[in-house]
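Biologist: I am new to this structure and would like to learn how to read it. Could you walk me through it, one feature at a time?

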Amino acid sequence: TEPQGDKDMSHIDLLEEDGIKTLMINRFYEPNEYSNISIDYYSGVKEVTRYLNKMDYKRIGLILGLEKQDQSEVYKKSYLDAIAELGLPIDEELLQYSNYDEAKTKEIVNRLIDYGADAIFTISDRAALIALDVAEQRGINIPEELAIVGSGNTDFPRLIKMTSLDGKGEVIGRKATELLLEKMTEPEVFRKEHLFLRSPLQ
């Protein structure tokens, strides 16, 4: 997979040449020469941003993963487009890259709170849980003083009823298995499919 902007996918070519069938999940390569299935995160992130604004949050911080990684860049573009469409000022200080590091994420959450963010949207549920922990340690009331939204809708946010962008894990897993089996029985088949998030917030 692409760690940080590296578009050299020759290792996938080697697998395919050896007869090992591949299917990429949530990797956003354009042009894409590989069978791929992914969630439409662009639409989902826009909907989350609009939802937060509708709930009267105006200074929405966004915690991304790795800089130049495609998923981070999709989140960033969607967020900036939504902010512009809502007529809110674009403030690059509200956009931060965590590199998926816990200590750095805590530092970013504290910085965003001190900077006046009234909502924090994160690229993963794990980062959202870290943000929640920081907020609780600081005695900040959720969601009255600070809204926190994660991504993935994994087990943890569901248990504590935290809002999360639904990554459709079960749906995409099922569909990916179907497409991979199809590719194994029809070697020349190429499929690039996007699953659109209809109700992304859970």
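**Reading the model step by step**

Modeller: Happily! Let us begin with one residue: Y41 has 9% relative accessibility and therefore counts as buried. Keep in mind that the model is predicted.

Biologist: How should I read that percentage, and is Y75 buried or exposed?

Modeller: The general idea is that a residue counts as buried when its relative accessible area is under 20%. Y75 has 0% relative accessibility, so Y75 is buried. Across the protein, buried residues make up 48% of the 202 residues.

Biologist: Thanks. How many aromatic pairs does the structure hold?

Modeller: There are two aromatic pairs. To read a pair, look at the ring centres and the angle between the planes; angles under 30 degrees count as stacked, over 60 as edge-to-face and the rest as tilted. The ring centres of Y41 and Y75 are 5.6 Å apart and their planes meet at 40°, so this pair is tilted. Y41 sits in helix α2 (residues 41–54) and Y75 in helix α3 (residues 70–85), so the pair ties together parts 34 residues apart in sequence.

Biologist: Which residues form the aromatic cluster?

Modeller: Y41, Y75 and F121 form one aromatic cluster.

Biologist: Let us turn to the helices. How many helices and strands does the protein have?

Modeller: Its secondary structure comes to seven helices and eight strands. A good pair to study is helix α4 (residues 102–114) with helix α5 (residues 125–137): their axes come within 9 Å and cross at roughly 55°.

Biologist: Why are α4 and α5 called oblique to each other?

Modeller: Angles under 35 degrees count as roughly parallel, over 145 as roughly antiparallel and 65 to 115 as roughly perpendicular, with the rest oblique. The crossing angle here is roughly 55°, and α4 and α5 are therefore oblique. The crossing of α4 past α5 is right-handed.

Biologist: Which residues meet where α4 and α5 are in contact?

Modeller: From α4 come E102, T105, K106, V109, N110 and I113, and they meet R126, A127, I130, A131 and V134 of α5. By character, the residues of this contact divide into six nonpolar, two polar and three charged.

Biologist: Now the backbone. What is special about the bond that joins I142 and P143?

Modeller: The angle to read here is omega. I142 and P143 are joined by a cis peptide bond, with omega at about 0°. P143 belongs to the loop between α5 and β6 (147–152).

Biologist: And what about phi: where does D56 lie?

Modeller: D56 is in the loop between α2 and β3 (60–64). Although D56 is not a glycine, its phi is positive, at about 75°. Its relative accessibility is 54%, so D56 counts as exposed.
Y100 also deserves a look: this residue is not a glycine, yet has a positive phi of about 60°. Y100 is in the loop between β4 (95–97) and α4, and counts as partly exposed because its relative accessibility is 35%.

Biologist: Finally, how do I read contacts along the chain?

Modeller: Compare separation in sequence with distance in space. Of the contacts in the protein with a separation of 6 or more, 68% involve residues 24 or more positions apart. As a further case, the C-alpha atoms of T177 and L23 are separated by 9.0 Å, while the two residues are 154 residues apart along the chain. T177 is in helix α7 (residues 169–185), and its relative accessible area of 45% makes T177 partly exposed.

Definitions and conventions. Residues numbered from 1 in each chain as written. Predicted model: local features only at pLDDT ≥ 70, side-chain atom pairs only at ≥ 80, totals over all residues. Heavy atoms only, no water. Axes fitted to C-alpha atoms, helices over the stretch in contact; angles between N-to-C directions. Helix = DSSP H or I, 4+ residues; strand = E, 2+ residues; numbered from the N terminus. Left-handed = near helix turned anticlockwise from the far one by under 90°. Contact = heavy atoms within 4.5 Å. Nonpolar A, V, L, I, M, F, W, Y, C, P; charged D, E, K, R; others polar. Phe/Tyr/Trp six-rings, centres within 6.5 Å; stacked < 30°, edge-to-face > 60°. Buried < 20%, exposed > 50% of the residue type's maximum accessible area, 1.4 Å probe, protein only.
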